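Grab a pencil and work through these exercises with the model open beside you. Try each task before you read its solution.

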Amino acid sequence: MKFLRSKEGGIFIIVLVLFVVLSFLSPVFLTFDNLVDVVQTNVVLGILAIGMTLVIIIGGIDVSVGAMTAAVTVLIGKFMVEVGHSLPVVLLLAAAGGTLLGAINGFLVSRIKAHAIVVTLGTLSVYSGLTMYVTGGVWINQLPQVFLDFGRIRLPGDIPIQIVFLVLVAAFTAYLLKYMRIGRSVYALGGNMRSAERAGISVARVQMFVYSYMGFLAGIAAFVHTSIYRQVDPNAFNGFELQVIAAVVLGGANILGGSGRVGGTLLGVALLALIGNGLTLAHVPSFWHKVIIGLFIAAAVVFDVLQRRRIEKQLAKIDVLTS
Amino acid sequence: MKRKGMVLFILSLALALVASACGGGSGGKGGGSGSSDGSYTIAVVPKLVGIPYFNASETGAKKAGEDLGVEVIYTGPTEPDAAQQVKVIEDLISKKVDAIAVAPNDPAALTPVLKKAKDAGILVMDWDTPADQSVVELSVHQIDDQQFGEHLVDKLVELMGDSGEFAIVTGGLSANNLNTWIDYGLKHIEANYPGLKLVTERVPSDEKQQVAYQKTLDLLKAYPNLKGFLGYSTPAPLGIAQAIQEKGLQDQIAVVGTALPTDSGPYLEDGSLDVAALWDPGKLGYLTVYLAKHALEGNKVENGMDVPNVGKIEVKSDGKTVIMGPPTDFLKDNYKNYDF
Amino acid sequence: MKPIVLKSLAAIKLTGYEKILLGVFACLFALFSLTAPNFLSSVNLQSMMVQMPEFGLIALGLMVVVMTAGIDLSVTYLAALSGIAIAWALVQGWPVPLALAAGAGAALLCGSFNALLIAGTGVSPIVLTLGSMILFEGIALRLTKGGSISGFPESYYLIGGGHIGPIPVPMLIFAVVAVLTAVLLNRTAWGRGVFMIGSNPTASKFSGIPVRSVLIRVYLFSAFMAFLAAIIMTSRYNSAKVDYGSSYLMQGLAAVVLGGTSITGGSGTVKGTVIGVAIFQILSSALNLYSISPHIVNVLMGGILIAVLLVDYLVKMRQRAARLRKAKGSQASSGGNAG
């Protein structure tokens, strides 16, 4: 019962409703095949949104995430074509490259104390400009067979291997947030920066961690993406950051910081995925899609705020009563 | 406060010096038509820089510059934004280039600035996509739009038959040339293949392969009787093909699209992509520069003219519309012959 | 005309930061005049004066929103929608003033969507305008099916292409609007409200400031700026389309921050934003004239933004250190009390 009252509970119900509606609108919706496809095409969004969750919990934001992911895809693409194709090395390179880019963001935000949106706006231009300059926009094909075969692996039950990555990332991050000290620090910082500081938490360290972790996940996402699409397109992530942020926000995280959960974010991703999938399955002409999605996001965030206000008012009443 | 001023000043100085050093080469030549060594400066402006198609045109354009001894400036906006493109052209006018060849993101948007260029004595031409014909002196088309739109449809019919359901995945809803080809194709269908049924409005894919892939998967489920796909813009056919490949539907569904041969390779091999039709963008770039120099030297274009490295071109009766040639079909057995 | 202009120019006071910004502008201008080919040519000066206003107007609108600790991500698509309304009206044969009214109406309608929801429900501006941005783009796509609308009467070009003396009409529009904005911010209750809400929303609520009404007007102001930018753009580009000017959002935000407006709200000046916009303008023109790859231009723009933040931080640190030293100094001289 408590779950249903929570923020995530509300979103879960919406997702459930969407499920039901879509299964009526289209006979193919509720098939295993379709659902696996929907998950697979949104694995990258999921991984990035999980990283963004931490950033938003501490009250920050990272609009350079698309550029970071694109940069890492180019990095590993060039590496595989020109140097070597040992998969573990490539994965490590992706993770390290992403973490470095994220760390730069973290350094700038924590050291020069500028606001995250402006800093990451700057790094977005720098990263994407460099990526485009280095590649000239040319796609990288001819990826080694070993890598291509890896991308095609399916687990029993016909589940693409990329989903495993998402599951691992989600599980680990959830664990981190709930049981590890750094996780508690993240929430503390998001809740009230001053009190967190007074409680001995190093704000700079937590910020550094969070942005680097975002970069780390961007690296993983780059690896996963390339394994699905089997080529590198430096333009593939233009504008993607908005979808990532939308997913996190729809999942119930408060944009001002302090709250957010991996589970909620996954629901937010599911919501976006289902709407996209659903609109096509329901034969809605493409011209209407953005209108519907925009209205949906606006409605969802307004509804969320009104809910929160209502809860706050109730709490205020209790205060008065007990005093 | 003074300190900050000093730091900012030094920063901007450093920046400007770096900038002038980078641009030094062409910056030194300065302006003026027909500079000191008598060679022309021809500016070629694509819709945007940084996508494989326009990278290939750049290679062709630059090669023409080398072969013909003219300076080629290939620059454009980083996004297919008409406003940015206008800016690029205004700056080229300031640079006093001899000719500007532009592939407009939006033809009407460029008319005022192209008029300005013309008034400044600059030769104005368009390539890849037509601009306002009252302003340009030459209009270089890679193919005839109508011929191309119809050709794609004909190829699709060859493969799936002349009746059945099909879907269209396009790069973006606001891309003029794609819409032109789609519209010609649809008219052709209405007139000649009434048995073909388009299941829904053209589906945009944001010029990204992964979006085309996702949308195709959805379309396959939403319309289980699909027999064919038309993909417009270079990433879209690949995304469609990938979905077909994924689902093992190579033999059931025909896929025809506009794609580059090297990227299409893997999909042509196993039949998930049946035909990729396009033209050689490098040749187009080369032709554009060639014709610019030709016109700057005061020559007219003739129908059937043979242009080195390009072939025989067609010139329409208005004397200024040039068609490079018919579209090239990239298939399983010939795509390896191309390097773009 | 001239004496009034000169007198009012003289009356403009600049803060320390703005003086530095102006200094940077002057130095860059001088440098570019010497090294960038044809920078000082009348063609280039004209094109810079013509390119700046549409970007500058959007920056002004963003500035006011940012001053209230908010943001408006939908502003460029709002401008596109407004432009489409004007274009449609012109093509239907409406007289120009009426067509402009249609555009204003469309802009204000969209602006009210943002304004009422943000001011009325307290929803976070960044997420709401994320939604409205997609919504407006969707409506624009639905109306135009992705194509462009063109075919305007000759008289309409005068707005984008006309001149009064050596100065292009768009630049005059921008100048007038900038002055009006400064007046609104500094001399009206609304302006005071904007500053206060940005610096301390709770205190503002309790000191009798009509927060809701001020915020509504803020987002309507941003929408109106977008409308003005739309007029200039449709006139210059001779058509209206969904994706015109979509790059102005990021650049506008960067110019606003460069101009000294704090992203957390409460401070900002029109002069600073104008100089910031001007710096971005000459930078982008000069870099184009140098024939630098547009990708590197992006990198440099991003780099400059970060550099400015860095410098700002370093200066603040020095100021704080100086203040601490002064405080310690006066403590010591007054008998040295602990704490």
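**Exercise 1: Two unusual loop residues**

With 16 C-beta neighbours inside 10 Å, A:Lys113 counts as partly exposed. Keep in mind as you go that this is a predicted model.

Task: Work out where A:Lys113 is found, and do the same for A:Gln142.

Solution. Step one: look between helix 6 (87-111) and helix 7 (116-135) of chain A, and you'll find A:Lys113 in the loop there. Step two: check its backbone. A:Lys113 isn't a glycine, yet its phi is positive, about 50 degrees. Step three: move on to the loop between helix 7 and helix 8 (145-152) of chain A, where A:Gln142 lies. A:Gln142 is not a glycine either, and its phi is also positive, at about 40 degrees. Step four: count neighbours. A:Gln142 has 12 other C-beta atoms within 10 Å, so it is exposed.

**Exercise 2: A pair of helices in chain A**

Task: Decide whether helix 4 of chain A is roughly parallel or roughly antiparallel to helix 12 of chain A.

Solution. Step one: find the two helices, residues 43-57 for helix 4 and residues 203-229 for helix 12 of chain A; their axes come within 8 Å and cross at roughly 180 degrees. Step two: compare that with the cut-off, since angles over 145 degrees count as roughly antiparallel. Helix 4 of chain A is therefore roughly antiparallel to helix 12 of chain A. Step three: see who meets whom. From helix 4 of chain A come residues including A:Val43, A:Ile47 and A:Leu54, while the helix 12 side includes A:Tyr211, A:Leu217 and A:His225. Step four: sort the contact by class, which gives 17 nonpolar, two polar and no charged residues.

Now for a confidence check. Chain A has a mean pLDDT of 88, with 96% of its residues at 70 or more. Within chain A, helix 4 has the highest confidence, at 96, and helix 1 (residues 2-5) the lowest, at a mean of 60. Where pLDDT is low, don't read the predicted coordinates in detail.

**Exercise 3: A helix in chain B**

Task: Test the length of helix 6 (residues 145-160) of chain B, then find what covers its buried residues.

Solution. Step one: the helix has 16 residues, so at 1.5 Å a residue it should span 22 Å. Its end C-alpha atoms are 23 Å apart, which agrees. Step two: pick out the buried residues, among them B:Phe148, B:Leu152, B:Lys155 and B:Met160. Step three: look at what covers them. The cover includes helix 7 (176-192) and strand 6 (164-170) of chain B, along with strands 9, 10 and 11. Step four: go just past the helix to B:Gly161, whose phi is positive, near 95 degrees.

For the wider view, chain B has eleven helices and 16 strands, and 58% of its 340 residues count as buried.

**Exercise 4: Two sides of chain C**

Task: Which helix gives the largest share of the side of chain C that touches chain B, and which does so for the side that touches chain A?

Solution. Step one: take the contact with chain B, which uses 52 residues from chain C and 50 from chain B. Here helix 2 of chain C gives the largest share, nine residues. By class, this side of chain C has 24 nonpolar, 23 polar and five charged residues. Step two: turn to chain A, where 38 residues of chain C contact 40 residues of chain A. This time helix 6 of chain C gives the largest share, 13 residues. The classes on this side are 23 nonpolar, twelve polar and three charged.

Note on methods:
Residues are numbered from 1 along each chain as its sequence is written. Chains are lettered from A and ligands numbered from 1 in the order in which they are written. This is a predicted model: local features need pLDDT of at least 70, side-chain atom pairs count only at pLDDT 80 or more; totals for chains, interfaces and linings use all residues. Axes are lines fitted to C-alpha atoms, for helices over the stretch in contact, and angles run from 0 to 180 degrees between N-to-C directions. Helices (H or I, at least four residues) and strands (E, at least two) are DSSP runs, numbered from the N terminus. Angles under 35 degrees count as roughly parallel, over 145 as roughly antiparallel, 65 to 115 as roughly perpendicular and the rest as oblique. Two residues are in contact if their C-beta atoms, placed from the backbone, lie within 7 Å. Ala, Val, Leu, Ile, Met, Phe, Trp, Tyr, Cys and Pro count as nonpolar, Asp, Glu, Lys and Arg as charged, and the others, Gly among them, as polar. The expected span of a helix is 1.5 Å times one less than its number of residues. A residue is buried if 20 or more other C-beta atoms lie within 10 Å of its own, exposed if 12 or fewer, and partly exposed in between; C-beta atoms are placed from the backbone. pLDDT is the predictor's confidence in each residue, from 0 to 100.
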